[in-house]
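Work through the exercises below with the sequence and the model open. Each task is followed by a solution in steps.

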Amino acid sequence: MTSVAEKSTGRTGEVQPKPSGGASRAAGWVRRAPLLPALIFMIVVTQLPFVATLVISFMDWNAYYPDEVGFAGVDNFRRVFTDVNMRDAVWTTILLTVGVVLISLLLGLGIALLLDRKFRGRGAVRTMMIAPFLVVPVAAALLWKHALYNPEYGLFNGALTWVWSLFGSDNPPQPDWISNMPLWSVIFALVWQWTPFMMLILLAGLQGRPLDVVEAARIDGASSWQIFRSMTLPHLRQYLELGALLGSIYIVQNFDAVFTITSGGLGTANLPYTIYQIFYQAHDYGRASAAAVIVVVGTIVIATFALRTVSSLFKEDPGR
Amino acid sequence: MSTLTAAPAVPKKKERGGIWLTLLAWVVGILFVLPVVWMVLTSLHSEADAATNPPAVLAPLTLEGYREFFTGGASPWPPLLNSLTASLLSTALVLLLAFPAAYALSIKPVRKWTDVLFFFLSTKMLPVVAGLLPLYLFAQNTGLLDNIWLLIVFYTAMNLPIAVWMMRSFLSEVPVEMLEAASMDGASLTRTLRSVIAPVVMPGIAATALICFIFSWNELLFARVLTATVAETAPVFLTSFVTSQGLFLAQLCAAAFVVSLPVLAAGFAAQDKLVQGLSLGSVK
């Protein structure tokens with residue numbers, strides 16, 4: 001704890017334009033004091049475990065073989081890098097994240113544009129749109145798996161039976177959705193939950209648009225498409241980036257939908273699920289930690305770019 | 001609400017094709033809410049009517065599914081109460097830690113306050129699964145496994161970055177004059193926080209609390225790994241339905257609806273706060 005506190009002092013005290021007399025140092029501590037509980041709490045609860053993960057990643061440690069705990073060097077990393085499942089998991093994670101973020105962002109944009117108009121029942125439609133986001137993720141995944149996708153009595157195939165019977169056919173297609181397209185099944189369920197999120201952010205962005213400029217452009221004879229492309233879209237850019245960033249943060253880590261809908265089977269195991277399996281089912285602590293370390297390093301690389309985006313987003317909001 | 005205000009100055013030609021766009025908006029809205037409606041409807045059907053093809057939309061309604069959920073097997077009350085405890089206490093803890101921190105990051109910012117802010121956000125980007133194993137081993141060795149307090153501490157850490165970001169954005173809206181007046185009157189930090197700043201940012205605090213509550217209530221991975229029978233939360237309880245077959249569809253829908261009800265209620269009650277909260281306070 002002390003070392004942590006000292007470290008943060010050292011960091012913040014690095015650049016001191018004023019000669020640091022006793023008085024200004026005390027004033028600095030008064031300023032810092034309200035921040036410290038939260039900062040120390042975060043470092044202890046989130047950073048220390050990562051240090052432990054790093055240590056364990058170099059150890060030979062499987063809970064099934066408690067007598068063989070020892071130093072393993074880079075063995076765990078070699079095993080993770082040569083593991084086909086891990087490579088598949090990386091690919092699945094990318095597909096899942098990009099798929100969900102992209103589709104829900106596009107759908108969200110379309111729906112936000114629809115809801116930006118004034119029409120009868122706009123509030124009601126907005127409320128209906130938000131509902132998917134407010135269903136507990138496990139509950140939503142269960143709902144999709146059993147009540148919608150199920151090939152025998154799910155709503156999708158039920159609706160197909162009903163529509164086909166309207167045309168007098170008693171031989172409707174009854175696909176087994178999850179077996180036929182496992183990854184898309186997970187993606188669709190997540191898109192359903194995340195489109196409202198994107199829509200809300202983009203709608204807020206649309207409503208913060210300077211309307212008089214748009215009106216002037218319209219009077220000057222600009223078409224709706226021209227206005228959308230050269231005025232609305234640039235204005236929305238930062239909201240699109242924000243939605244993509246926040247969506248990615250959550251969907252990269254998705255565990256609930258993969259766990260519930262496919263239990264990681266049929267090529268849908270993403271990184272969180274795979275690491276969970278190595279740790280929770282195989283009890284291979286060393287390998288699980290090595291995988292976690294690799295994921296963290298990968299995340300840091302990507303997050304560095306992402307953070308640059310956010311800092312540009314919040315640029316116009318300088319502190320006092 | 002805003003339909004009445006901006007009526008003039010809108011040219012008439014805008015209305016062309018409007019009816020179709022309105023219709024489209026309604027269709028999309030209904031499509032998105034349909035699975036939720038279907039969940040509620042199925043939960044109110046008997047098991048025999050729930051798992052039919054084609055769907056028995058007009059089947060008689062019954063509370064059988066709910067009765068079965070609450071009294072049939074293991075009682076859902078302990079998990080629901082555990083979820084409530086974990087969500088409420090961690091939210092309270094988050095607010096307690098985030099409020100002063102946000103103060104030190106906006107109103108009287110420390111040096112390098114942006115670095116601190118981005119440190120908080122970066123912890124949100126690190127995959128939680130990477131910290132899971134050490135926490136599990138720690139819990140195992142200290143006897144904290146299956147203890148609700150471990151979840152509370154973890155949920156606090158999970159939501160603290162979001163809360164700090166949100167509250168910072170709300171606090172930076174507090175007028176400087178009010179703070180100057182308070183400091184001239186010689187008000188202490190605690191007093192300034194409590195009686196000058198808190199009332200102004202109350203809506204923001206409510207939004208923050210709402211988001212933290214929802215995220216804690218929804219969490220599955222940690223609860224699944226770190227709890228067993230005693231501290232089991234509602235989402236973990238729901239996973240017992242993962243492999244269930246058509247025999248329990250009504251009960252499953254009842255369970256899914258009951259567990260989602262607090263989030264649905266909180267979310268609908270505070271719809272306007274939702275965007276602000278989810279965008280870390282950057283979208284007003």
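The exercises go from the record annotations to the domains, the helix pairs and the chain interface.

This is a predicted model, in which local features need pLDDT of at least 70, side-chain atom pairs count only at pLDDT 80 or more, and totals for chains, interfaces and linings use all residues. Residues are numbered from 1 along each chain as its sequence is written, and chains are lettered from A and ligands numbered from 1 in the order in which they are written.

**Exercise 1. Find the span that UniProt gives for "domain: ABC transmembrane type-1" in chain A, and describe its secondary structure.**

Step 1. The unreviewed UniProt entry puts this feature at residues 90-306 of chain A. UniProt positions are given in the numbering used here, feature names are shortened, and annotations may be inferred rather than shown by experiment.

Step 2. Residues 90-306 of chain A are 77% helix and 0% strand, and the C-alpha atoms at the two ends are 19 Å apart. Helices (H or I, at least four residues) and strands (E, at least two) are DSSP runs, numbered from the N terminus.

**Exercise 2. Compile the "transmembrane region" annotations of chain A and chain B, and check some of them against the model.**

Step 1. For chain A, the unreviewed UniProt entry lists residues 35-59, 89-115, 127-144, 183-206 and 288-307. Residues 35-59 of chain A are 88% helix and 4% strand, with end C-alpha atoms 36 Å apart. Residues 89-115 of chain A are 100% helix and 0% strand, with 37 Å between the end C-alpha atoms.

Step 2. For chain B, the unreviewed entry lists residues 20-41, 84-105, 117-136, 148-171, 192-217 and 248-270. Residues 20-41 of chain B are 100% helix, and their end C-alpha atoms lie 29 Å apart. Residues 84-105 of chain B are also 100% helix, with an end-to-end C-alpha distance of 31 Å.

**Exercise 3. Which elements of domain 1 of chain B give two or more residues to the side that touches domain 2 of chain B?**

Step 1. The assignment, automatic or from a database, gives domain 1 (17-71) and domain 2 (77-278) in chain B. Their C-alpha centres are 31 Å apart.

Step 2. Between them, 14 residues of domain 1 of chain B are in contact with 12 residues of domain 2 of chain B; contact means that C-beta atoms, placed from the backbone, lie within 7 Å.

Step 3. The elements are α1 (18-43), α2 (47-50) and α3 (64-71) of chain B. The largest share, 5 residues, is from α3(B).

Step 4. By class, this side of domain 1 of chain B has 6 nonpolar, 5 polar and 3 charged residues. Ala, Val, Leu, Ile, Met, Phe, Trp, Tyr, Cys and Pro count as nonpolar, Asp, Glu, Lys and Arg as charged, and the others, Gly among them, as polar.

**Exercise 4. Describe how α14(A) packs on α6(B).**

Step 1. Helix α14 (residues 271-280) of chain A packs on helix α6 (residues 129-142) of chain B at about 20°, with the axes 9 Å apart. Axes are lines fitted to C-alpha atoms, for helices over the stretch in contact, and angles run from 0 to 180 degrees between N-to-C directions.

Step 2. The pair is therefore roughly parallel, the word for angles under 35 degrees.

Step 3. P272(A), I275(A), Y276(A) and F279(A) meet V129(B), L132(B) and L133(B). This contact has 7 nonpolar, no polar and no charged residues.

**Exercise 5. How many residues of chain A are in contact with chain B?**

Step 1. The count is 86 residues of chain A, against 91 residues of chain B.

Step 2. Helix α3 (residues 36-57) of chain A gives the most to the chain A side, with 12 residues.

Step 3. The chain A side divides into 61 nonpolar, 16 polar and 9 charged residues.

Methods. Contact = placed C-beta atoms within 7 Å. Parallel < 35°, antiparallel > 145°, perpendicular 65-115°, else oblique.
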